[in-house]
Amino acid sequence: MGHPVEQESGDAARSDLPPGQRLQKGWPVTHYGPVPKFRPERWEFRVFGATADGGKHCWTHEELTALPYATVVADLHCVTKYSMLGAEWGGIPARAILDIAPPAPEVTHVMVWAEYGFSSNLRLSDFTADRALFATHKDGELLTAEHGFPLRLIVPHLYAWKGPKWVRGVEYMTADRRGFWEERGYHNIGDPWKEQRYSYQEEPGDGPEL
């Protein structure tokens, strides 16, 4: 879930790295709390909150993984200062979920919910970005449990904590509300190219008051 833990350094001078980031060989495991056990018979993905029809939409794991599959090649920038470049992610585009379960017109933000009540808030425009993806695979292989199996959100243009592991649902919101790390001192938006790491860096309008 993006728990801040300092990782080994790489090449900090590359022009394709956001400021303050280092190239990482391999994929470190970083998260807060234990790795949840996947129980397919109990698992469901929910879309709720300010939906266009006012209802809640649910998918079993089998139903969700039957949705159209897409791949994107995208980097992963962790707030702990490592970057993993050029990974191929496979899964369900976030936009596909919005097409199936549309938000109400007044929705401006989403809260992405994961196991153990973990959450991360996103502007709707970030959630609907071209390469935002509910990933089930990396480089053609199923995600491991430590890296978020069965489902993690990838939002390549934001720091990786904004895309939680072990996602269980999306809440449509008509006003912004801070998620787990955003309530604990991390930037409400999390743009790595602007190095938006911590809440003290926020400008007026970047997020609700702490």
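This report looks at a strand hairpin and some aromatic rings in a predicted model.

## A hairpin with an enclosed strand

Let's start with strands β6 (residues 109-114) and β7, which run antiparallel and are joined by 5 bridges. One place to spot this is His109, whose bridge partner in β7 is Arg123. The two strands make a hairpin, with 4 residues between them. Have a look at Tyr116 in that turn: its phi is positive, at about 65 degrees.

Now for β7 itself, which covers residues 119-123. Because 4 of its 5 residues are buried, the strand is largely enclosed by the rest of the structure.

## Rings that pair up

There are 12 aromatic pairs in the structure. One of them is Phe45 with Trp59, a tilted pair with 5.8 Å from centre to centre and 55 degrees between the planes. This pair ties together distant parts of the chain, since Phe45 belongs to strand β2 (residues 44-49) and Trp59 to strand β3 (residues 57-60), 14 residues apart. Both residues, Phe45 and Trp59, are buried.

Next come Tyr186 and Tyr198: their ring centres are 5.4 Å apart and their planes are at 55 degrees, so this pair counts as tilted too. Tyr186 is buried, at 12% relative accessible area, while Tyr198 is partly exposed, at 27%. Both tyrosines belong to a cluster linked by ring pairs, whose members include Phe118, Trp161 and Phe180.

## Charges over rings

Which ring does the charged end of Arg184 sit over? That would be the ring of Phe180, with the charged end 3.8 Å from its centre. Arg46 does something similar with Phe48: its charged end sits over that ring, 4.6 Å from the centre.

Conventions:
Residues numbered from 1 in each chain as written. Predicted model: local features only at pLDDT ≥ 70, side-chain atom pairs only at ≥ 80, totals over all residues. Heavy atoms only, no water. Buried < 20%, exposed > 50% of the residue type's maximum accessible area, 1.4 Å probe, protein only. Pairing = 2+ DSSP bridges. Phe/Tyr/Trp six-rings, centres within 6.5 Å; stacked < 30°, edge-to-face > 60°. Lys NZ or Arg CZ within 6 Å of the ring centre and 35° of its normal.
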